[in-house]
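Reader: Hi! I'm in my first year and would like a close look at a single part of this protein. Could you walk me through the sheet and what packs on it?

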Amino acid sequence: MSNLKGKRKEYLSVKDLQKVLDSCKLHLSQVDEVWPNIYIGNLAVAQNKTALQKLDDSTHFDLDVYFQPAADFIHKALKSPDGKVLVHCIMGMSRSSTLVLAYLMIYHHLPLKQALQKLIQKRAIYPNRNFLALLLDLDLQLMRKKKKTCQIL
């Protein structure tokens, strides 16, 4: 029995992730560089206010369908000469940070908790519970994919 406990993997919960987010000591500002050449900002720094206001942050919004396309867009933009990206939403706390976290997980292979810890060193973020749950699902998918790849090798 104790042998099983040692082998059992500890999985994060939304509550665990919220504790990491609560440890952030930064104050929210209009825009911050959270990763080299990646910025998270709020509505005030974005150009298209009307379109953004239609995307009010919902606890039921399926943002995960945008994880891969947004990550691909960010990655492609950063590969161009002098490439920089501003990821923004109404408050610059939840939706935009969730997409940047997904990018870091997909392209930089950071586990979710580590990606959160990196971002909160640069910006006060707070993805809503739904987005944290979607990121946890992504984290598990990426871990499973990594395990399968390692087993094949």
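Author: Happy to; here is the sheet, followed by the helices beside it. This is a predicted model, where local features need pLDDT of at least 70, side-chain atom pairs count only at pLDDT 80 or more, and totals for chains, interfaces and linings use all residues. Residues are numbered from 1 along each chain as its sequence is written, and side-chain values use heavy atoms, with hydrogens and water left out.

Three strands make an open sheet with mixed pairing, in the order 1-2-3. Strands here are DSSP runs of E with at least two residues, and helices are runs of H or I with at least four, numbered from the N terminus; two strands pair if DSSP finds at least two bridges between them. At the edges sit strand 1 (31–35) and strand 3 (85–88), each pairing on one side only. On average, neighbouring strands are turned by 35° against each other, direction ignored.

Strand 2 (residues 38–41) runs parallel to strand 3, and four bridges join them. Y39, for instance, has L86 in strand 3 as its bridge partner.

Now for the helices. Helix 4 (residues 67–79) packs on the sheet, where it touches strand 2 and strand 3; contact means heavy atoms within 4.5 Å. The direction of helix 4 makes about 155° with that of strand 3. Helix 5 (residues 95–107) lies across strand 1, strand 2 and strand 3, at about 160° to strand 2. Such angles run from 0 to 180 degrees between N-to-C directions, with axes fitted to C-alpha atoms, for helices over the stretch in contact.
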